[in-house]
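Dear colleague,

I am passing a structure on to you with this email, and I would be glad if you opened it beside the text. Below it you will find what a look at its ring-bearing side chains turned up.

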Amino acid sequence: MSIIGVGIDVAEIDRFRASLERTPGLAQRLFVEQELHLPSGERRGIASLAVRFAAKEAVAKALGAPAGMHWTDAEVYVEDSGRPRLRVRGTVAARAAELGVMSWHVSLSHDAGVASAVVIAEG
């Protein structure tokens with residue numbers, strides 16, 4: 001296998017919170033329902049949402065920033081082990097297939113008011 005693309009992004013958590021507060025419906029345009037809530041059903045915290053947004057930006061960069069990508073076509077979820085994973089569909093899956101992406105590697109972190117994500121597309 002070879003690396004097809006690498007993406008990295010950071011999001012300032014307070015700035016991301018302000019964007020969500022300022023723009024009604026933004027969260028629904030960025031995230032699928034499962035990303036907005038914890039497995040318990042409780043609303044996910046702002047740092048967790050910000051890091052998921054950073055991961056979606058990193059996905060776009062790993063794919064060469066294609067036009068027309070839908071944010072909800074890249075879903076960040078966490079395995080029972082705690083490992084973050086990526087589920088793609090629609091516009092993101094089509095671009096990944098076009099480039100020959102066979103697997104994804106995702107790393108997420110947030111600290112000191114900043115959320116960061118690295119995504120590696122492997123084919």
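**A charge over a ring, and a ring cluster**

In this structure, the charged end of R87 sits over the ring of Y77, at 4.0 Å from the centre of that ring. Please keep in mind, as you read on, that the model is predicted.

Turning to contacts between rings, a search of the whole structure finds three aromatic pairs. One of them is formed by F16 and F31, which meet edge-to-face, with 6.3 Å from centre to centre and 80° between the planes. This pair links distant parts of the chain, since F16 belongs to helix α1 (residues 13–22) while F31 lies in the loop between α2 (26–30) and α3 (33–36), 15 residues apart. Both F16 and F31 are buried.

F16 also forms an aromatic pair with F53, and this one is stacked, with 5.3 Å from centre to centre and 25° between the planes. Here too distant parts of the chain are linked, with F16 in helix α1 and F53 in helix α4 (residues 46–62), 37 residues apart.

Why is F53 described as buried? Its relative accessible area is 15%, and buried means under 20%, so F53 falls within that class. The relative accessible area of F16 is 6%, so F16 counts as buried by that cut-off as well.

Taken together, the ring pairs link F16, F31, F53 and W71 into a cluster, which you may like to find in the structure above.

With kind regards

Methods:
Residues numbered from 1 in each chain as written. Predicted model: local features only at pLDDT ≥ 70, side-chain atom pairs only at ≥ 80, totals over all residues. Heavy atoms only, no water. Phe/Tyr/Trp six-rings, centres within 6.5 Å; stacked < 30°, edge-to-face > 60°. Helix = DSSP H or I, 4+ residues; strand = E, 2+ residues; numbered from the N terminus. Buried < 20%, exposed > 50% of the residue type's maximum accessible area, 1.4 Å probe, protein only. Lys NZ or Arg CZ within 6 Å of the ring centre and 35° of its normal.
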